[in-house]
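User: Please take a close look at a single part of this model and set out its surroundings in full. I should then like the account to be connected to the charged pairs and the cysteines elsewhere in the chain.

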Amino acid sequence: AQTKTDSLLSIYDRYWEVSPGIYRVMKNGNVGVVGEKGILVPIEYQQVWSLADKNYFRVMRNGKTGLYHTEKGIVVPPEYDQIWNFSDGMMRVSQDGKLGIIGASGEVVAPCQYQQIWDFNNDIAKVIRDGKLGYINRQGQEIIPAIYQQIGTFDNDQAKVVRDGKTGYIDMQGNEVVPCDYQQIWEYQNGMAKVVKNGQIGFINTQGVEVIP
């Protein structure tokens with residue numbers, strides 16, 4: 001077996017073992033991947049990186065990164081500045097300094113328009129676009145539009161938000177349960193929260209109704 005492997009690799013200028021029986025190889029300045037059964041990734045790229053999923057490789061051509069599948073071929077043309085590892089069947093990508101998300105087949109889930117995308121939690125992920133915070137779902141839809149300066153942690157399916165310097169509450173669907181009309185909102189106690197609006201103090205309930213104006 002070792003003799004067969006040595007013979008297979010002898011035609012290349014350099015080679016590196018990336019996993020048992022799988023080698024990244026270089027010939028005439030180009031890089032690809034070979035295995036015992038032959039070429040897995042054509043030797044035509046500037047660089048090739050293996051991913052956690054052994055069938056996928058990141059490939060680079062003309063300084064841009066794409067995705068190659070050993071059975072399907074090129075699934076993402078080399079057009080991104082960076083492609084990160086899979087997470088729940090999706091990958092973050094960057095293009096022209098902005099982040100987006102693609103699926104395992106190369107389909108665009110969320111276009112590259114965000115400054116940051118956090119990991120998904122409860123099927124939603126926090127994002128920053130134009131300096132404002134929002135949330136997207138796994139289909140890439142902005143279920144909470146990126147219009148907020150701050151978004152707190154969701155508690156009982158609601159989160160405190162700040163928009164245009166005013167505070168309110170949203171639910172998991174992006175509805176403003178408490179409009180962003182208040183200068184300050186304290187934490188809820190016994191179903192009510194103290195609020196300040198136009199310098200005056202009152203109380204609201206969890207539906208955003210001012211029970212004490």
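Analyst: Leaving aside residues up to four places away in sequence, M192 is in contact with E187, F203, I204, N205 and V211. The model is a predicted one, and these contacts are to be read on that basis. M192 itself belongs to strand β22, which covers residues 192–197. Its relative accessibility is 32%, so M192 counts as partly exposed, a class that lies between the limits of 20% and 50%.

Strand β22 also contains K197, and there a charged pair is found: the side chains of K197 and E210 meet in a salt bridge, with 2.9 Å from N to O. This pair links distant parts of the chain, since E210 is placed in strand β24 (residues 210–212) and K197 in strand β22, 13 residues apart. Both partners are partly exposed: E210 has a relative accessibility of 29%, and K197 has a relative accessible area of 28%.

A second site provides a contrast in burial. R58 is located in strand β6, residues 56–61. The C-alpha atoms of R58 and M192 are separated by 53 Å, and the two residues are 134 residues apart along the chain. With a relative accessibility of 14%, R58 falls under the 20% limit and therefore counts as buried. Not counting residues up to four places away in sequence, R58 touches Q47, V48, W49, L51, T65, G66, L67, Q82, I83, W84 and N85. One of these residues, I83, also takes part in a polar contact: the side chain of R58 reaches the backbone oxygen of I83 at 2.8 Å.

The salt bridge between E210 and K197 can be placed beside others in the model. Over the whole structure, the search finds nine salt bridges. Among them is the one between R138 and D123, whose closest N and O atoms are 2.7 Å apart. R138 lies in the loop between β15 (132–137) and β16 (142–148), whereas D123 lies in the loop between β13 (116–117) and β14 (124–129), so this salt bridge ties together parts that are 15 residues apart in sequence. R138 is partly exposed at 25% relative accessibility, and D123 is likewise partly exposed, at 45%. The two residues also belong to a network of salt bridges in which D88, D123 and R138 are linked.

The strands that border these loops hold a further pair. E142 and R129 form a salt bridge through their side chains, at 2.9 Å from N to O. Here again distant parts of the chain are linked, with E142 in strand β16 and R129 in strand β14, 13 residues apart. E142 has a relative accessible area of 26% and is partly exposed; R129 is also partly exposed, with a relative accessible area of 22%.

As for the cysteines, the search of the whole structure finds zero disulfides. C112 has a relative accessibility of 22%, so this cysteine counts as partly exposed. C180, by contrast, has a relative accessible area of 7% and is therefore buried, under the 20% limit.

To return to the starting point, M192 is a partly exposed residue of strand β22, and the contacts of M192 include F203, I204 and V211.

Notes. Residues numbered from 1 in each chain as written. Predicted model: local features only at pLDDT ≥ 70, side-chain atom pairs only at ≥ 80, totals over all residues. Heavy atoms only, no water. Helix = DSSP H or I, 4+ residues; strand = E, 2+ residues; numbered from the N terminus. Buried < 20%, exposed > 50% of the residue type's maximum accessible area, 1.4 Å probe, protein only. Contact = heavy atoms within 4.5 Å. Disulfide = S-S within 2.5 Å. Polar contact = N/O pair within 3.5 Å; in protein donor to acceptor, adjacent residues only side chain to side chain. Salt bridge = Lys/Arg side-chain N within 4 Å of Asp/Glu carboxyl O.
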